[in-house]
Amino acid sequence: MFKKVKGFRDIFGKDTFYWQLIEDKFRNYFSKFGYEEIKIPILERTDLFVRGIGETTDIVEKEMFTFQDRDGTYLSLRPEGTASVVRSFIENKLYEPPSIRKYYYYGPMFRRERPQKGRFRQFYQIGIEAFGSVSPLLDAEVIYILYTFLNSFDISEFLKLEINSIGCAECRSKYREKLVNYFEKYKSDLCNDCINRLGRNPLRILDCKVESCKIIVKNAPLILDFLCNDCAKHFNKLKDYLNVFEVEFAVNPKIVRGLDYYVKTAFEMVTDKLGASSAVGAGGRYDGLIKALGGPDIPGIGFAIGVDRLVELVKIKRDMEYRLVDCYIITFDEYVKEAVSLLNILRTEGYNTTIGYDLGSIKSEMKKANRLNAKTVLIIGEDEVKNDVITLRDMDSGEQSHVTYDELLNKLEKIIN
Ligand code: HAM
C-alpha cells in the first residue's frame, strides 16, 4: 500500500463538484476584462525564484521543492506563478509591440510549508498578471476583479478586502531603518526566526504569527507614515478609484506580503473562517520585477487566488448535489439497439446518461441505479418495445409510468431540471 506524500492530497467525489464550479467560471470571467490565458511550466530553474521572489523570503529560504538535475542544474517546483509569467513575458518578447498585456493562469503550486487547515504543500492558484501601466486605475481594476470574482460565489460575508501601500525602494529604506531601531529594543523578546529577520528582512517581522512577536509588532512604526510623495499620491488615487468601482475595503498598514517583489500597492482578501490561513487571494504591484529578471523596465501588477481555500469557503455556504447520473437505462440483450438509440438521444439533449452494461435483471439493475443516486430509471423491455413506450421511474418520488417517446423529454425536463 502506497500513501500520498505529506501535505499532498487527492481530490475526488463530491469535492470535485466544488472545484469545477470555480474552474468553469474563471476563464470567462477574466476574459471580460481583456485577459488571455498563459500556460507556464511547473518546473523552472531555481535561480528564477531566488531572484524573483527574494533570497530572504520564507518561500526561497525553506519552502521550495528543489533538486539537482542530471546535468547539475538546480530546478524547483514553482512555488507561485508570477516569476514564471514574467520569465515567459521576457523570454518570448511578449512586450512587443508595446501595449498593455494581461494574462491569467491556473495550476498547482508547491511550497514545503507546515500543513494545516487551508495550507497544503501542493495547492492550486488562479492568478492574473497585467503588464505595462503604472496607473492606479489599473490597480483598482485588478482589485475589483479579485473582489467581484470571489464575491460571485456568494461568500462576501466571509471576506474582507484589505489594502496597503508598501512604498518603493526609496520609502522602504527609510522605513526599514526606523523598523530595525524599533525592533532592536525588543530583540530579546523576539522569536528566533524574527531575530534572524531583523538583519536580513525586518519587514517580514510584521507578518510573524508568534504571539510574543505580535505584541511587539502592535506598536511598530507604520510604512504609511514613510511614503514618498509619488507613492502617497498613488495610494490616495487608488483609494479614490476603488470607491468609483464601489469596492469596499479597509486599509491595513501591517500588510507586508511574503514575496519581495512588491512595491506600492499590496492587497489581500482575508477570512476568519480558515484558522491561521487567512488570505484567500492576494497580490500587488511589482514595477521593478521585469527589469530585475533581465527584461525591459515595464511595470506589473497581479494577484493569485488560493483555490483550495476558496473551495472551503464555498462549502460552508452551499451544499452541492452530488449526482452523476440523470438517467439510468435498463434493458436486455434483445433490445440493446433501441436502448443505445435512446442513450444517444438523451446525451445529445444534455442528460448524463448511463446504461446497465451487465444487462441483468430489473431488480439487480435498479439496485445499481440506486447506488449511483440516479435521478431517473428508463426501462426498455419486451412490453415497452411492443407498445412503443418507455417505462420512466422518478427515483426520488418512486412514481413510475409508461411514456411515449414524444412525451419523454418533456417529462424528464420536469423531473430533472
Ligand atoms: P501569495 O500570497 O503567496 O501570493 O499566494 C496567493 C494565495 O495562494 C494566498 O492568498 C492563498 O490563498 C494561496 N496559498 C498560498 N500558499 C498556500 C498553501 N500552502 N496552501 C494553500 N493555499 C495557499 C502569490 O503567490 C503571488 N504570486 C500573487 C501575485 C500575483 N502577486 C502578483 N501577482
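# Reading the labels on a predicted model

Guide: On the surface of this predicted model, Asp-333, Glu-334, Glu-382 and Asp-383 gather in a patch of negative charge.

Visitor: What makes the patch of Asp-333, Glu-334, Glu-382 and Asp-383 negative?

Guide: Asp and Glu count as negative, and the patch is formed by Asp-333, Glu-334, Glu-382 and Asp-383. Asp-383 has its place in helix 14, residues 382–387.

Visitor: Why is Asp-383 called partly exposed?

Guide: Its relative accessible area is 48%. Buried means under 20% and exposed over 50%, so Asp-383 at 48% is partly exposed.

Visitor: How do the radius of gyration of the protein and that of a compact globule of 417 residues stand against each other, and what are the values?

Guide: The globule would have a radius of gyration near 22 Å, but the protein has 28 Å. Along its principal axes, the C-alpha trace spans about 90 × 50 × 45 Å. The protein has 15 helices and 16 strands, and buried residues make up 51% of its 417 residues.

Visitor: What makes Arg-285 and Asp-139 a salt bridge?

Guide: Their closest N and O atoms are 2.7 Å apart. The cut-off is 4 Å between a side-chain nitrogen of Lys or Arg and a carboxyl oxygen of Asp or Glu, so the pair qualifies. Arg-285 lies in strand 10 (residues 279–285) and Asp-139 in helix 5 (residues 136–151), so the salt bridge ties together parts that are 146 residues apart in sequence. Both Arg-285 and Asp-139 are buried. The structure holds 29 salt bridges.

Visitor: Why is the pair of Asp-154 and Lys-317 called a salt bridge?

Guide: With 3.5 Å between the closest N and O atoms, the pair is within 4 Å and therefore counts as a salt bridge. This pair links distant parts of the chain, 163 residues apart: Asp-154 sits in the loop between helix 5 and strand 7 (160–165), and Lys-317 in helix 11 (residues 307–317).

Visitor: Are Asp-154 and Lys-317 buried or exposed, and how do you know?

Guide: Neither label applies. Asp-154 has 49% relative accessibility and Lys-317 has 34%. Both values lie between 20% and 50%, so each residue counts as partly exposed.

Visitor: What makes Glu-268 and Arg-257 buried?

Guide: The cut-off is under 20%. Glu-268 has a relative accessible area of 16% and Arg-257 one of 11%, so both are buried. Their side chains meet in a salt bridge of 3.3 Å, N to O. Glu-268 lies in strand 9 (residues 263–270) and Arg-257 in the loop between strand 8 (250–251) and strand 9, so the pair ties together parts 11 residues apart in sequence. Elsewhere, salt bridges that share partners join Asp-58, Arg-197, Arg-204, Asp-207 and Lys-209 into one network.

Visitor: What is notable about the backbone at Leu-359 and Asn-373?

Guide: Leu-359 has a positive phi of about 50° although it is not a glycine, and phi of Asn-373 is near 60°. Most residues other than glycine have a negative phi. Leu-359 lies in the loop between strand 13 (353–355) and helix 13 (362–371), and Asn-373 in the loop between helix 13 and strand 14 (376–380).

Visitor: Which peptide bond is cis, and where is its proline found?

Guide: The bond from Glu-96 to Pro-97 is cis, with omega near -10°. Pro-97 is found in the loop between helix 4 (82–91) and strand 5 (101–110).

Notes:
Residues numbered from 1 in each chain as written. Predicted model: local features only at pLDDT ≥ 70, side-chain atom pairs only at ≥ 80, totals over all residues. Heavy atoms only, no water. Patch = residues over 30% accessible without salt bridge, like charges linked within 9 Å, V, L, I, M, F, W, Y side chains within 5 Å. Areas by Shrake-Rupley, 256 points an atom, 1.4 Å probe, with all protein chains shown as cover. Charge placed at Lys NZ, Arg CZ, Asp CG, Glu CD. Helix = DSSP H or I, 4+ residues; strand = E, 2+ residues; numbered from the N terminus. Buried < 20%, exposed > 50% of the residue type's maximum accessible area, 1.4 Å probe, protein only. Rg over C-alpha atoms; globule rule 2.2 N^0.38 Å.
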